[in-house]
Amino acid sequence: MAQRPLRILACGDVDGKFDVLFNRVRVIQKKSGDFDLLLCVGNFFGTSPDAEWEEYKTGIKKAPIQTYVLGANNQETVQYFQDANGCELAENITYLGRKGVFVGSSGLQIAYLSGTESLTEPVPGYSFSPKDVSSLRTVLCSTSHFKGVDILLTSPWPKYVGNFGNPSGEVDTKKCGSALISSLATDLKPRYHFAALEKTYYERLPYRNHVVLQESAQHATRFIALANVGNPEKKKYLYAFSIVPMKLMDATELVKQPPDVTENPYRQSGKEVSVGKQIPAPEEEPACQFFFDLNEKQGRKRSSTGRDSKSPHAKQPRKPPQPPGPCWFCLASPEVEKHLVVNIGTHCYLALAKGGLADDHVLILPIGHYQSVVELSAEVVEEVEKYKATLRRFFKSRGKRCVLFERNYKSHHLQLQIAQPGAAYFYVELDTGEKLFHRIKKNFPLQFGREVLASEAILNIPEKSDWRQCQISKEEEETLARRFRKDFEPFDFTLDD
């Protein structure tokens, strides 16, 4: 059965004209049917306080469609975006965050970068830096199967976007826009790229993401700049389109080239414009925000090279991202308390939890540095699944049940935790096969999963809700680790030939 295309609306600068925008959306939906999402780029808020927003914030009025917006582009509107990781601003209106990727349950992948370009330090709260662009690029492009993203949202235009294309009106694309965004668009290869801020509408001819006769064919990119809501010149500020997520499309269909396709505007004689290669690697970078639905299988399995591969042509697994600083969970890190490690695989390892809820409370951790399940390569995902299945059998053999949970929030290293029965956290997987997912929109208790498990309704050990109150001596930890290793040995798949 063919996948139903998603129906999406994109909007330019709202500038605080919320009623004008949402009334227009209602008219469109009444005439053309419901849309799935509204994506807003540019300035969502005006620069002066507005009673109109209070009506949406307090629930007196409600957006008629799930709306996602970018952050501030000036100091006056920074106040509206309290959480850099993204949050719900009002019912049906969500701030995506400073930078990151939104992945819906359909598989649609939307990369976003809030603010305007800044090349000076410290970076203002309404700007992005070369480090921000580099970290977003690294997170997405480091996977071997990366083909591009479905949608890229930025507020500024990319510099040089008019090269080889149709005229961009009064906007001089050789002087206007961000060179960092040009570089990002080159690497992320979005199928659609939306921007605003210039108070005009410009739909560029689609451009290629490959060099003809030198590279394999890739999908084309459509760049659309949108005008400001309710502008007196009646320039287009809403853009409607349908899209099937890239991951669900046939490869041949995906790379079909439109008849009016042009060369890539960010290349010169087959090479990227020089600005694109001048972005330094990040030295210290807070984690990108990821919104995702883990009910969808993450990644496709492919054969692992394994530790004992003898083939001289075996493909080497990609090097995992490096931590921005000391990490307590990277196995090679001196910070790791190695006496708590109870099993080591090819890509992952098991460790007893520090101050565990029970003697057999364990963590599944990738050996390399990954922030969340979404970032894992296929071979790591495969081994995580193997550990999960093995631990379920292990606990069942001992007359116990288990629950797995992950918190991808204010956490630099993936920690998939296994303890006895519990309820929803960020991502929860019960031994019955049920999977529960909660997308964090505002501040979230860091120990929520643990607190729920320890509650009187479940394990009835509320005194253990804080791991710091459950710490034992190193000698006692070593004893528990030795006991777990011995008990787990009959189930240890890493010993298989």
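**Close-ups from a predicted model**

**View 1. Met249 sits in the loop between strand 14 (238-243) and helix 5 (251-254).** As with the other views here, this one comes from a predicted model. Is Met249 buried or partly exposed? Its relative accessibility is 22%, and since buried means under 20%, Met249 counts as partly exposed. Leaving aside residues up to four places away in sequence, Met249 touches Arg191, Val244 and Leu254. Look for Gln3 as well: the C-alpha atoms of Met249 and Gln3 are separated by 8.7 Å, with their positions 246 residues apart along the chain.

**View 2. Thr200 is in another loop, the one between strand 11 (192-195) and strand 12 (202-203).** Thr200 has a relative accessible area of 6%, so it is buried. What does Thr200 touch, if residues up to four places away in sequence don't count? The list runs to Trp157, Glu170, Val171, Ala225, Leu226, Ala227 and Lys235.

**View 3. Here's an open sheet of 6 strands with mixed pairing.** Reading across, the strand order is 4-5-3-2-1-14. Strand 4 (87-90) and strand 14 are the edge strands, each pairing on one side only. On average, neighbouring strands in this sheet are turned by 25° against each other, ignoring direction. Zoom in on strand 1 (residues 6-11) and strand 2 (residues 37-40): these run parallel and are joined by 4 bridges. Cys11 stands opposite Cys40 of strand 2.

**View 4. Helix 3 (residues 130-141) and helix 4 (residues 179-188) have axes that come within 10 Å.** The axes cross at roughly 0°, so helix 3 is roughly parallel to helix 4. On the helix 3 side, the contact is made by Pro130, Val133, Leu136, Arg137, Leu140 and Cys141. Helix 4 brings Leu180, Ser183, Leu184, Asp187 and Leu188. Sorted by class, this contact has 8 nonpolar, 1 polar and 2 charged residues.

**View 5. What angle do helix 6 (residues 378-397) and helix 8 (residues 474-488) make where their axes come within 11 Å?** They cross at roughly 95°, which means helix 6 is roughly perpendicular to helix 8. Thr390, Leu391 and Phe394 are the helix 6 residues to look for, and they meet Phe484, Asp487 and Phe488 in helix 8. By class, the contact of helix 6 with helix 8 comes to 4 nonpolar, 1 polar and 1 charged residues.

Note on methods:
Residues are numbered from 1 along each chain as its sequence is written. This is a predicted model: local features need pLDDT of at least 70, side-chain atom pairs count only at pLDDT 80 or more; totals for chains, interfaces and linings use all residues. Side-chain values use heavy atoms; hydrogens and water are left out. Helices (H or I, at least four residues) and strands (E, at least two) are DSSP runs, numbered from the N terminus. Buried means under 20% relative accessible area, exposed over 50%, partly exposed in between (1.4 Å probe, protein chains only). Contact means heavy atoms within 4.5 Å. Axes are lines fitted to C-alpha atoms, for helices over the stretch in contact, and angles run from 0 to 180 degrees between N-to-C directions. Angles under 35 degrees count as roughly parallel, over 145 as roughly antiparallel, 65 to 115 as roughly perpendicular and the rest as oblique. Ala, Val, Leu, Ile, Met, Phe, Trp, Tyr, Cys and Pro count as nonpolar, Asp, Glu, Lys and Arg as charged, and the others, Gly among them, as polar. Two strands pair if DSSP finds at least two bridges between them.
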